[in-house]
Amino acid sequence: MAHESTSANPKVNYEYRRRKARDEMRGQVTSFAMMIFMTFIAFIIVIADFDKFYAFPVLLVLAGAQVVLQLYYFMHMSHKGHGTAALFLYSGALIAFVTILTFLTIVWW
Amino acid sequence: MSTVAEKRGFLAVLWDYLTTVDHKKIAILYLVSGGFFFLVGGIEAMLIRIQLAIPDNDFVSAGLYNELLTMHGTTMIFLAAMPLLFAFMNAVVPLQIGARDVAFPFLNSLGFWLFFFGGIFLNLSWFLGGAPDAGWTSYASLSLASPGHGIDFYVLGLQISGAGTLIAGINFLVTIINMRAPGMTYMRMPLFTWSTFVASALILFAFPPLTVGLFLMLFDRMFGANFFDVTMGGNTIIWEHLFWIFGHPEVYILILPAFGIFSDIISTFSKKRLFGYAAMVFATVLIGFLGFMVWAHHMFTTGLGPTANAIFAVATMAIAVPTGVKIFNWLLTMWGGSIRFTTPMLYAVAFIPSFVAGGVTGVMLASAAADYQYHDSYFVVAHFHYVIIGGVVLGLLAGTHFYWPKMFGTMLNETLGKITFWLFLIGFHGTFFIQHFLGLMGMPRRIWKFLPNQGLDLFNMISTVGAFFMALAVIVLLYNVVITQIKNVRVGNDPWGDGRTLEWAIPSPPPYYNFKQLPLVRGLDPLWIEKMEGRKEMTPAEPLGDIHMPNNSFIPFVMSLGLFIAAFGAMYQVDWRASDGADYVWSIPVLIIGMLITIGSMAVRSLKDDHGYHIHKEELMDDHDDKGGRE
Amino acid sequence: MDMNQKYTARTWPESPEKTTLEGKNKFLGFWLFLGGETVLFASLFATYLALKDKVPGNDHALAADMFELPLVFIMTMLLLTSSLTSVYAMYHMKNHNYQKMQTWLLITVFLGLAFLGFEIYEFNHYVHEFHHTFTSSAFGSAFYTLVGFHGAHVVVGLGWFTLLLVRNGKRGLNLYNAPKFFTASLYWHFIDVVWVFIFTVVYLMGMVG
C-alpha cells in the first residue's frame, strides 16, 4: 500500500498536510458564508418585487455562482485529478441546457 | 466448454452463471439472452412479413399486428441489439486494454440481471392480456388510450432493463479510464474500445431522459398523473421530446460499437494499421456529440416551426461528415492491404455500401421540407433498416464470427459462415431495398393490410421472400454454432493468425484472471508490434505476483428479481383501485414485498464486507497457458 | 494488501478515497453517475417549466398563489448548512479523526431529516389549503414529481449515511470504508446543488411570475 505523500520526514509532511487541510477548511467556510449571502440577496430580490426581466437573470446568475462554489470547494473539484469528472459533468450540463432550452422554446401547446 | 460442463454437473454450472461476476461469463450470458430475444424479435418480423406478403391478408388481426410491430421494434433495439453489443464489449474490451477485470464486477452482473428481468417482464405481456401496441416509440397520445396492460409492461420492463443499461455504461467508462495496462494510452486504444467508450458516454447521458419519460408515463397510466393529458393541462409533445432525446443517441449507441468491430476486423484482415487512426477517433467522438443535437429530426412534422426544423436539419446533415471520414478511412485501410476474405471480413466489406445507402437516405430524410413527403412511409422503414441491419446487425454477425474463438475457444465453420453471409446479405437487400420504392409510392408504415391492384402487391411479395432468406441465414448460423460446439476443436491464442490487439495475445478462452502478468503496451496494435519484432507474446510489465479477484455473488440476481416482482404489484394496483379493492388485493403487498427484496439485498450488499480473494503466484505458476479454459 | 489495516492520523494517506483501485473506481464512477443525474434532473426541470401553471380551470391555484418564502428560506438554510456539516465530516475523515467525522455526519443527518419534515409539511399544506395534488392538474403532477424526486434523493442520502454510520460504528476508518463515506458526501452535495436550482427556478422565479 503506497502512501501518496511520502516525505523524508513524515512529521514535517504530516504537519504540512494538517495545515493545508485547515487552510482549505477556512476557504470552505468562506464559500459557505458567500452562499448564504447570495441566498439572502436572491430572496430579497423576490421580496422587493423587481420586474422579472431584471429578476430572472440575477437569480440565475446567483444560482450558478452558488453551484460553482458547491462544486469546486465543497465537492473538491478544484483539486487535482478531477479532469475526467469535470469533462463528464460539463457534458451533462450542456445536454441539460439544450434540453431545458428546447422545452422553453418549442413545446408550446 | 461442454465437456467441462458435463463433468461439473448442470446445477453447478447454472449456479456458477447465476452468481458470476467474471466479465467473460457475463458476456456469454448477454450473448445467449440477447440471441434469444433476437430470435423472438425475428419471429415477430416474419409474422409481420407473412401478413404483408399478399394484399388484404387475414393471417393476423389488426390488434395483433400492432402488438407484433411494437414488440418487434422494442425487442430488437432494447433486448437484442444492445445486449449483443454488450456481449462483445464485455468479452473483448477488458482484454483489449490489458485489464484483469472490469472496474465494477458486481455492478456488471447487476446490469445484466436487470436487463434480463426487464426483458422477460416485457415479453410476459404476450401471455398476460396482450403486448404493448403503440409502436416502439409509444407516443403518449396513443399509449394513454391503449387499453389493458400492454403499455404498462412496456414502461416497467424498459425501466428495469434501462437501469441495467445505465449501470453497464458507467462500468465500461470507468473500466476504460482507470484500468488500462501500462503504456495503453488513450491514443493506443483499439477502435472497438474507443467506440465502446463513446457509446457508454452516450448511454450515461441518453438513458436518464428515457428514465424520466418512462416515469412520467408510469405516473400517468398507473398513478393518475396528468403529464400527457391535454384536458388537464398536460402536453403530449413532452413525451416525444424526452423519447427522442434518448432515442436518437440510442441509434449511435448501437452503431458506434458496430463501427468499432468493423474497424478492428478491416485492419486485421487487411494486415494493415487502421488508416487515419486519429481521424477515426475524432470522428467517433464527433458523431457521439452531434448525435445529441439532432433528435428533433424525428419530429419535423410535429410543427416545431421553421427555425427549429432548419437548425435540426442542418445539424443532422453535419453528421454525414464524420461518418464519411470513417467510410473513406475503412476503404483506405483496405487499399493496398493484403486482404483475406474470411467471414468477418465479408461482412465488413458488405457493410460499407449497405451502410452508405442507409446514410444517403438519412440525408434525404434530414431535409425537413422533403421529410413531410417521406414521413411515416415505408421509405422511413427502409432507411432505418438499412442503417440498423446494414450497420448494426452485420456488425453483430461479423463480431460473432470474429470473436467466437476468443469467447468459446472454438472456431465457427467458415464455409457455413459464408453461406450465412450470402443468404443474409441477399435477404436483407431483397427485403428492404424494395421498400424505398413502396414508401415513395405512398405505402404508409405500420399499416396492417393493403388493398390489391394498387401497385403494391409484387414489391411486398418480394420483400417477404427476402425476409425468408434472412430467416434461413439465421438457421444456418444456429446450426453452425451447434456443430462447432459438438466438434469442440480447440484453438490457440490467435486463431485468425493476424491478430493485432491484446485479446489475441492470451489463450482462447482466456483464464479467469485474463493476464498472468499485465502486458507492456508499446504502441497502437501492441501484439502486432511484438510480432513484427519476432516475438510471439507480449512483454510483461510486472513480475509474477498475487492477483486480486472479486467473489461471486447471488445478490445481483435477487436485487433484480425484487424489482421484477414489484413491477407486477405496481401494474395490478391499477385494477385493484378500479375495482374498489374487491379484486387484485394482492397487488400492493406484492409491490411492497418486491421493493423490500431489492432494498434488503442492497442493504446486505452494503453491510457485508466483500474484499474478494487472492490467487497466489504459486498457483499461477502451476497453471500452464496451453490449457486455456475459464473453469 | 489488507483492507482492514489499521491506520493512525500519521500513516493515513492524503486522499484516502482514492488510494486503493476500488476507491479510485468508485470515485470516478460516482462522478460519472452525477453527470447522468444532471441530465435526469434537467429533464424533470424542463418538464416542470413546460407544464408550470398549466391547470384545467380558473379555480386552480397557481405557483404564485401558493408558495411561501419563509418556508422555502428555512428549507434552503437547512440544506445549505447540512452541506457545510458534511464538508466538516470529510475534513475530519481526511485527518483520520473518526469520532468527529461521525458527529458531523450525524448532525448532517438531523438537518436532512428536518428538511424532509418541512417538505412533508409543505406538500400537506398545498394539498389541504389549495387542493393542489398530484392528480389535480398537469402543473400538480410536474411540481410534485420534480420536488418529490429531489425529496427521494434526500431520503436515499439519509439512508446511505445512516447505513454507513451503523455499519462502521465500531470499526473506525480504513481504506475500505473511506471511499464510501466520501461518495456519500458527494451525493449529499449534489442534492444541495439540485436544491439551489429548485429554490431558484421553482420557488423564487415562480413567485416573480
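Is Glu533(B) buried, partly exposed or exposed? Glu533(B) counts as partly exposed, because its relative accessibility is 44%. Here buried means under 20% relative accessible area, exposed means over 50%, and partly exposed lies in between, with a 1.4 Å probe and protein chains only.

This is a predicted model, in which local features need pLDDT of at least 70 and side-chain atom pairs count only at pLDDT 80 or more, while totals for chains, interfaces and linings use all residues. Residues are numbered from 1 along each chain as its sequence is written, chains are lettered from A and ligands numbered from 1 in the order in which they are written, and side-chain values use heavy atoms, with hydrogens and water left out.

## Chain A and the annotated spans

Chain A has 3 helices and 0 strands, and its elements run α-α-α from the N terminus on. Helices (H or I, at least four residues) and strands (E, at least two) are DSSP runs, numbered from the N terminus. Of the 109 residues in chain A, 40% are buried.

Several spans carry annotations from unreviewed UniProt entries. UniProt positions are given in the numbering used here, feature names are shortened, and annotations may be inferred rather than shown by experiment. In chain A, the annotation "transmembrane region" covers residues 27-48, 54-75 and 87-108. In chain C, the annotation "transmembrane region" covers residues 28-51, 71-91, 103-121, 141-166 and 186-206. For chain B, the UniProt annotation "domain: Cytochrome oxidase subunit I profile" covers residues 9-522. The table gives the computed make-up of some of these spans.

| Span | Helix | Strand | Distance between end C-alpha atoms |
|---|---|---|---|
| Residues 54-75 of chain A | 95% | 0% | 31 Å |
| Residues 87-108 of chain A | 86% | 0% | 33 Å |
| Residues 9-522 of chain B | 69% | 0% | 43 Å |
| Residues 141-166 of chain C | 100% | 0% | 36 Å |
| Residues 186-206 of chain C | 100% | 0% | 29 Å |

## Salt bridges

Over all chains, the structure holds 21 salt bridges. A salt bridge is a side-chain nitrogen of Lys or Arg within 4 Å of a carboxyl oxygen of Asp or Glu.

In chain A, Asp23(A) pairs with Arg26(A), and the closest N and O atoms are 3.4 Å apart. The two residues are separated by about one helical turn, because they are 3 residues apart in helix H1 (residues 10-47) of chain A. Asp23(A) is partly exposed at 43% relative accessibility, and Arg26(A) is exposed at 53%.

In chain B, Asp525(B) and Arg500(B) form a salt bridge with closest N and O atoms 2.8 Å apart. This pair links distant parts of the chain, 25 residues apart: both Asp525(B) and Arg500(B) sit in the loop between helix H17 (457-487) and helix H18 (526-532). Asp525(B) and Arg500(B) are both buried.

Glu533(B) forms a salt bridge with Arg522(B), again with the closest N and O atoms 2.8 Å apart. Glu533(B) lies in the loop between H18 and strand E1 (547-549) and Arg522(B) in the loop between H17 and H18, so the pair ties together parts that are 11 residues apart in sequence. Arg522(B) is partly exposed, with a relative accessible area of 35%. Salt bridges with shared partners join Arg522(B), Glu530(B), Glu533(B) and Arg535(B) into one network.

## Surface patches of chain B

Patches are made of residues with over 30% relative accessible area and no salt bridge; like charges are joined within 9 Å, and nonpolar side chains (Val, Leu, Ile, Met, Phe, Trp, Tyr) within 5 Å. Accessible areas come from the Shrake-Rupley method with a 1.4 Å probe, and for residues only the protein chains shown count as cover.

Ile54(B), Trp422(B), Ile426(B), Met461(B), Val465(B) and Phe469(B) make a nonpolar surface patch of about 540 Å². Helix H16 (414-440) and H17 are the elements that give two or more residues to this patch, and H17(B) gives the most, with 3 residues. Trp422(B) is found in helix H16 and is partly exposed at 48% relative accessibility.

A patch of negative charge on the surface gathers Asp546(B), Glu618(B), Glu619(B) and Asp622(B). Lys and Arg count as positive and Asp and Glu as negative, while His and the chain ends are not counted. The place of a charge is taken as NZ of Lys, CZ of Arg, CG of Asp or CD of Glu. Asp622(B) is in helix H21 (residues 617-622) and counts as exposed at 59% relative accessibility.
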